[in-house]
Amino acid sequence: MTDLSAVPTAVEAFAETTASALSPSVLVVNHPLVQHKVTLVRSEDTTTDNFRRLVREISQLLTYEATRDLAMETVSIRTPVAPMESPVLSGKKLCLVSILRAGNGFLDGMLELLPAARVGHIGLYRDPETLEPIEYYFKMPEDIEERLVIVVDPMLATGNSAIAALNRLKERGVTALKYVCLIASRQGLRALQAAHPDVLIVTAAIDETLNEHGYIVPGLGDAGDRLYGTK
Ligand code: URA
């Protein structure tokens, strides 16, 4: 008989994937499937259609981890064989907020897993000189302050757009927030954590630096251009 006492519980296994050296509020999803797909998505040889498919797949794997602590309750059902008490999601309803335009590359995959989630959009562009975010669009569900909001943008570079988006959502009354990205720069992570220490950041990778244009190095280039083939 196998001794199962040394096998980690789901919670312990989850804790091992947490980048605790950085902070308990950063979760790096180091699952082999995610890491393999991140390598493919980074490569300049990856075509637009494959890039889009990979981002969608990675977004689903990140969503799986980002939603691991959702509240649950049991309901009574009948299987064809017997009645049982079985778990379902409870608690706050969800809203996914995409930072335009690259955030939209995450949405489709996430909505397949969370079909009842509402969706909001924030349009921010970076001033090419200052790299500061300038808002040009903000459209949210009316009851957003009652929801758990997951903000998505593949690239957390300087952190300025992420911080601006979270500021706006908190001004709008949102109290429960998570942030999901594909690649985070160390600088962006630090800035976001300092500004919003209450927000769990879920990422597939942390890269060391930014270049003079604010791109993550090595990163994957411009996520929006690679998603939509605009360059
Ligand atoms: N936005 C991108 O698309 N890529 C980066 O490297 C940084 C910001």
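Helices and strands are here taken as DSSP runs, numbered from the N terminus, and in those terms the place of Arg147 is in the loop between S6 and S7. The model is a predicted one, and this loop is a convenient place from which to enter it. At 4% relative accessibility Arg147 counts as buried, because that value falls under the 20% cut-off. Its side chain reaches the backbone oxygen of Leu94 at 2.9 Å. Leaving aside the neighbours within four places in sequence, Arg147 is in contact with Lys92, Lys93, Leu94, Cys95, Arg118, Val174 and Ala176.

The loop between strand S6 (133–139) and strand S7 (148–152) also holds Glu145, whose side chain meets that of Arg172 in a salt bridge at 3.2 Å, N to O. Arg172 lies in the loop between helix H5 (160–171) and S9, so the pair ties together parts that are 27 residues apart in sequence. Glu145 is partly exposed, with a relative accessible area of 30%, and Arg172, at 30% relative accessibility, likewise counts as partly exposed.

A search of the whole structure finds 13 salt bridges, and among them is one between the side chains of Lys178 and Asp69, with an N to O distance of 2.6 Å. Lys178 belongs to strand S9 (residues 176–180), while Asp69 sits in the loop between helix H3 (48–66) and strand S2 (72–78), so this salt bridge ties together parts that are 109 residues apart in sequence. The two partners fall into separate exposure classes: Lys178 is buried, with a relative accessible area of 6%, whereas Asp69 is exposed, with a relative accessible area of 55%. Another salt bridge joins Glu208 to Arg186, the closest N and O atoms being 3.0 Å apart. Here Glu208 lies in the loop between strand S12 (205–207) and strand S13 (209–210), and Arg186 lies in helix H6 (residues 186–195), so the parts tied together are 22 residues apart in sequence. Arg186 counts as partly exposed, at 25% relative accessibility. Elsewhere, Lys37, Arg53 and Glu57 are linked in a network of salt bridges.

Helix H6, which contains Arg186, can be followed further through the exposure of its residues. Which residues of H6 are buried? They are Gly188, Leu189, Leu192 and Gln193, and they cover an arc of only 125° around the axis, which puts them on the same side of H6. The general geometry helps in reading this pattern: an α-helix has 3.6 residues a turn, so residues three or four places apart point the same way. On the other side of H6, Arg190 and Ala194 are exposed.

In helix H4 (residues 104–113), the buried residues are Gly105, Phe106, Leu107, Gly109 and Met110. What covers the buried residues of H4 includes H3, strand S4 (94–100), strand S5 (118–126), S7, S9 and helix H7 (223–228). Strand S4 is also the place of Ser98, which is buried with a relative accessible area of 0%. The side chain of Ser98 makes a polar contact with the side chain of Asn104 at 2.6 Å. Apart from its neighbours within four places in sequence, Ser98 is in contact with Gly103, Asn104, Leu107, Gly120, His121, Ile122 and Val152.

The model also includes a ligand, and the residues around it are Arg126, Met155, Ala157, Gly214, Tyr215, Ile216, Gly221, Asp222 and Ala223. Three of these residues can be described by their backbone atoms. A polar backbone atom of Ile216 is 2.8 Å from an oxygen atom of the ligand, a polar backbone atom of Gly221 is 2.8 Å from a nitrogen atom of the ligand, and a backbone N or O atom of Ala223 lies 2.7 Å from an oxygen atom of the ligand. Taken alone, the ligand exposes 240 Å², and the protein buries 88% of that.

The chain as a whole gives the setting for these details. The protein chain has seven helices and 14 strands, and buried residues make up 43% of its 231 residues. Among contacts between residues at least 6 apart in sequence, 63% join residues at least 24 apart. The protein chain exposes about 12300 Å², of which carbon and sulfur atoms supply 56%.

Conventions:
Residues numbered from 1 in each chain as written. Predicted model: local features only at pLDDT ≥ 70, side-chain atom pairs only at ≥ 80, totals over all residues. Heavy atoms only, no water. Salt bridge = Lys/Arg side-chain N within 4 Å of Asp/Glu carboxyl O. Helix = DSSP H or I, 4+ residues; strand = E, 2+ residues; numbered from the N terminus. Buried < 20%, exposed > 50% of the residue type's maximum accessible area, 1.4 Å probe, protein only. Contact = heavy atoms within 4.5 Å. Polar contact = N/O pair within 3.5 Å; in protein donor to acceptor, adjacent residues only side chain to side chain. Near = heavy atom within 4 Å. Areas by Shrake-Rupley, 256 points an atom, 1.4 Å probe, with all protein chains shown as cover. Arc of directions from axis to C-beta.
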